[in-house]
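I opened a new page for this structure. My plan was to look up one thing at a time and write down what I found.

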Amino acid sequence: MRHLLSYIILGAIAVFLLLVAAFFAWIRSSQLTITTEQVVAEYRSLPEDARRTAFEWRDPGAGSYITNCRNCHGPEGKGWDQYPGLGDSARLSSRPGGREYMIDLHLYGITSDRWRAPMPAFGTMPDEELAAVINYIIVTFSEPDSMPEEFRFFTPAEVEERRGRAVSASAVNDLRPSPAE
Ligand code: HEC
């Protein structure tokens, strides 16, 4: 009888802990989804000509970086082990062909001999989120003074434009410009 009671109590504790875990998982996922969905909805409700200037990328870009990129590129974008730091992002995207490279490596992934790991494709993300996270890494992690004054931020329309190509991850690497000045 005692055994039965302790099993019931243990079972109840286990169920309780599972419910708590599920509750926190639910809160976390719903917050993230709402943020991205709100940004996408707000952006799409703007008139065409306002989209270029009014695109609010900072918060969604930061949120997306934490969820999707931080594990590999590190909390400060410095990279580690086989994952590159992102300090060249402004320089790379300012070179001829650099904007296409920057977008394609996110849409289609990239693999090269420089690093011992490939980067997976993020083509399932909405255009708004991709443009946001690209702007975020460029502004946040580029080496000091490497940001050109006339820098044009990436827009969702620019990302959309590069979709639907059959590009392999190693072909994306062929687009990489030299980051040197
Ligand atoms: C699973 C690990 C992983 C994740 C997640 C990841 N990356 Fe990468 N990333 C890599 C690797 C590895 C490379 C280098 C690939 C190569 O050149 O072989 C790379 C390359 C890059 C480059 C090009 C760097 C250069 O010098 O050319 C940028 C920019 C970049 N990642 C940004 C991001 C962003 C933004 C995210 C999130 C949306 C992200 N990465 C998510 C592993 C990852």
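What percentage of the 181 residues in the protein is buried? I looked this up before anything else, and buried residues make up 35% of them. I noted that the model is predicted, so I turned to its confidence next.

**Entry: confidence.** The pLDDT of the protein averages 87, and 82% of the residues score at least 70. I then searched by element. Confidence is lowest in helix α2, residues 48-54, with a mean of 61. It is highest in α6, at 98.

**Entry: elements.** I counted the secondary structure and found 9 helices and 0 strands. Read from the N terminus, the order is α-α-α-α-α-α-α-α-α.

**Entry: contacts and surface.** I took the contacts between residues at least 6 apart in sequence; 71% of these join residues at least 24 apart. For the accessible surface of the protein I wrote down about 11600 Å². Carbon and sulfur atoms account for 58% of that surface.

**Entry: the iron atom.** Which protein atoms are donors to the iron atom of the ligand? I found NE2 of His73 and SD of Met119, at 2.0 to 2.1 Å from the iron. These two donors come from distant parts of the chain, 46 residues apart. Histidine 73 is in helix α4 (residues 70-73), while methionine 119 is in the loop between α6 (98-108) and α7 (127-141). I also checked the geometry: the iron has 6 donor atoms, the angles among them run from 87 to 179°, and the site is octahedral.

Are the two protein donors buried or exposed? Histidine 73 has a relative accessibility of 12%, so it counts as buried. Methionine 119 has 19%. The cut-off for buried is under 20%, and methionine 119 is therefore buried as well.

**Entry: helix α3.** I listed the buried residues of helix α3, residues 58-68, and got Pro60, Gly61, Ser64 and Tyr65. I then looked down the axis of α3: its buried residues fall within an arc of 140°, so they line one face of the helix.

I picked one of these for a further look. Serine 64, in helix α3, is buried, with a relative accessible area of 3%. What does serine 64 touch, leaving out residues up to four places away in sequence? My list reads Cys69, Met125, Glu129 and Val133. I stopped there for this page.

Technical notes. Residues numbered from 1 in each chain as written. Predicted model: local features only at pLDDT ≥ 70, side-chain atom pairs only at ≥ 80, totals over all residues. Heavy atoms only, no water. Donors = N, O, S within 2.8 Å, 3.2 Å for Na, K, Ca; no water. Tetrahedral: all angles 85-135°; square planar, octahedral: opposite > 155°, others 65-115°. Helix = DSSP H or I, 4+ residues; strand = E, 2+ residues; numbered from the N terminus. Buried < 20%, exposed > 50% of the residue type's maximum accessible area, 1.4 Å probe, protein only. Arc of directions from axis to C-beta. Contact = heavy atoms within 4.5 Å. Areas by Shrake-Rupley, 256 points an atom, 1.4 Å probe, with all protein chains shown as cover. pLDDT = per-residue confidence, 0-100.
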